[in-house]
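Me: Could you walk me through the interior of this model in some detail? I would like the cut-offs behind each term as we go.

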Amino acid sequence: MELPGPTVLTEARLVTLAGDAGHEVLDRGAVALSGGRIRWAGPLADLPGDYAGWERHGLEGRLVTPAPIDCHTHIVHGGHRAREFALRLEGASYEEIARAGGGIVSTVSATRGASEDELLAQALPRLDTLLAEGVSCIEVKSGYGLDVETELRMLRVARRLAQVRPVRVRTTFLGAHAVPAEYAARADDYITEICLPALHAAHAEGLVDAVDGFCEGIAFSPAQIARVFDAAKALNLPVKLHAEQLSHLGGTRLAAQYGALSADHVEYADEADAAALAASGTVAVLLPGAFYAIRETQRPPVAAFRKHGVAMALATDCNPGSSPLTSLLLAMNMGCTLFRLTVDEALRGVTVNAARALGLTDTGRIAPGLRADLAVWDAESPAELAYRFGFNPLHARIFGGPE
């Protein structure tokens with residue numbers, strides 16, 4: 001939606017998410033926008049006189065929420081893994097495919113062989129699909145290079161996405177994603193010789209906003225991840241972690257010990273893990289697309305997260321193998337249907353808590369001073385956003401405007 005100057009959106013069904021709980025829908029709400037920021041939000045009847053002369057744009061009772069945020073993606077990569085999808089249908093497990101040379105390592109070859117421009121061209125259709133659902137901000141991880149040159153190339157492409165599309169991008173270095181074939185059975189050597197040098201090079205080039213790792217039997221142990229996290233902390237970079245997706249290795253508590261922004265997947269986390277996340281303020285990022293795609297049966301401990309007050313986010317985990325998902329709306333539906341989240345939890349999961357998972361404090365809610373990133377929906381209530389699947393009710397996307 002193009003807004004030429006200072007504007008008051010009127011006749012909105014407004015969901016600000018400014019409070020700590022609930023998603024009250026304010027009928028006949030209004031939002032004042034200028035300079036790329038939200039200046040005021042509340043009942044139209046209470047609009048201060050300071051905004052009386054501003055341009056008004058009526059929304060005819062449409063629902064307005066903070067713009068969605070996809071806080072966990074691997075959207076920059078080469079190739080696809082449709083063949084592995086067929087193998088899983090024939091009975092092979094995700095872990096069996098990975099140990100046989102498929103999985104993450106198979107995408108490494110395609111990514112290493114792609115130029116920066118080719119990686120950008122392949123990523124843009126995936127990004128455009130997310131933007132069409134109102135998404136204003138995405139996280140993009142590296143991790144399909146597993147050598148210094150390709151890891152840097154991936155991160156450069158991630159930065160370029162924000163130059164060619166109206167989107168905010170947070171980059172995450174995921175050098176500790178898998179052990180490449182040339183370092184088979186030598187994970188520690190890989191971290192020493194490739195992962196840590198790549199991290200330092202990426203940081204020196206200004207390409208890294210956070211550091212991630214994959215703590216799993218088919219990837220890296222907690223002790224190995226701790227080496228990466230120590231390097232990140234020395235560079236003053238926040239950390240996050242793929243933890244407890246396929247087994248329980250202690251990754252969630254490791255993430256909590258390091259004050260991680262988020263622990264992601266967490267299907268095998270337990271109540272002690274939930275208590276640790278709550279104490280550290282670490283967000284649990286739930287990824288139902290991967291749960292669905294690889295036919296997992298172990299659900300994340302949502303009840304324990306609720307009990308201990310752990311913030312829960314939702315994301316697509318868009319990647320070529322375990323979650324080729326490019327719909328955050330479908331991730332909301334899956335979060336409710338598969339993980340039994342409430343509508344409020346799902347909505348907060350792609351707004352307030354998704355922002356927290358990325359360390360962002362200027363977005364995810366509708367409140368004065370925050371970025372003017374909004375989604376206008378042809379809907380009456382937030383439940384409609386999670387209720388349908390295969391349907392996009394977005395009416396307009398407002399990204400950092402108007403000036």
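What follows is one connected look at the interior, starting with how the values were obtained.

Reply: Happy to. This is a predicted model, so local features are kept only at pLDDT of at least 70 and side-chain atom pairs only at pLDDT 80 or more, while totals for chains, interfaces and linings use all residues. Numbering starts from 1 along each chain as its sequence is written, and side-chain values use heavy atoms, with hydrogens and water left out.

Let's begin with the core. A nonpolar core here is a set of buried Ala, Val, Leu, Ile, Met, Phe, Trp, Tyr and Cys residues joined through side-chain atoms within 4.5 Å. Buried means under 20% relative accessible area, exposed means over 50%, and partly exposed is in between, with a 1.4 Å probe and protein chains only. The largest nonpolar core has 103 residues, of which Ile138, Leu161 and Phe305 touch the most other members. Helix α6 (residues 187-204) gives the most to this core, with 9 residues. Helices are DSSP runs of H or I with at least four residues, strands are runs of E with at least two, and both are numbered from the N terminus.

Phe305 is a good place to zoom in. Leaving aside neighbours within four places in sequence, Phe305 is in contact (heavy atoms within 4.5 Å) with Val266, Ala269, Ala274, Leu277, Ala284, Leu286, Pro300, Val310 and Met312. Apart from this core lies another one, of 17 residues, including Val31, Ala367, Leu370 and Ile398. As background, nonpolar side chains in soluble globular proteins tend to be buried together.

Next come the helices. Axes are lines fitted to C-alpha atoms, for helices over the stretch in contact, and angles run from 0 to 180 degrees between N-to-C directions. The axes of α4 (residues 116-131) and α5 (residues 148-164) come within 9 Å and cross at roughly 50 degrees. That makes α4 oblique to α5, since angles under 35 degrees count as roughly parallel, over 145 as roughly antiparallel, 65 to 115 as roughly perpendicular and the rest as oblique. The α4 and α5 crossing is right-handed: a crossing gets that name if the near helix is turned clockwise from the far one by less than a right angle, and is left-handed if anticlockwise. On the α4 side, Glu116, Asp117, Leu119, Leu120, Ala123, Leu124 and Leu127 meet Arg153, Arg156, Val157, Arg160, Leu161 and Val164 of α5. Leu161 thus appears again, having been named among the core residues that touch the most other members.

α5 also packs against α6, where the axes come within 9 Å and cross at roughly 40 degrees. Those two helices are therefore oblique to each other, and α5 passes α6 in a right-handed crossing. Val148, Leu152 and Leu155 of α5 make this contact with Ile194, Ala198, Ala201 and Ala202 of α6.

Just before α4, the loop between α3 (104-112) and α4 holds Ala114. Is Ala114 buried or exposed? At 6% relative accessibility, Ala114 counts as buried, and it touches Leu119, Gln122 and Arg153 when residues up to four places away in sequence are not counted. The C-alpha atoms of Ala114 and Glu267 lie 33 Å apart, with their positions 153 residues apart along the chain.

Helix α7 (residues 222-234) contains Val228, which is buried at a relative accessible area of 1%. Not counting residues up to four places away in sequence, Val228 touches Ala176, Ile191, Cys195, Leu196, Leu199 and Val211. The C-alpha atoms of Val228 and Ala176 are separated by 7.6 Å, although these residues are 52 apart along the chain.

Cys195 leads us to the cysteines. How many disulfides does the structure hold? It holds 0, a disulfide being a pair of cysteine sulfur atoms within 2.5 Å. For Cys215, which is in no disulfide, the nearest cysteine sulfur is that of Cys195, 13 Å away. Cys215 is itself buried, with a relative accessible area of 1%. The sulfur of Cys71 is 9.1 Å from the closest cysteine sulfur, in Cys137, too far for a bond, and Cys71 is buried at 0% relative accessibility.
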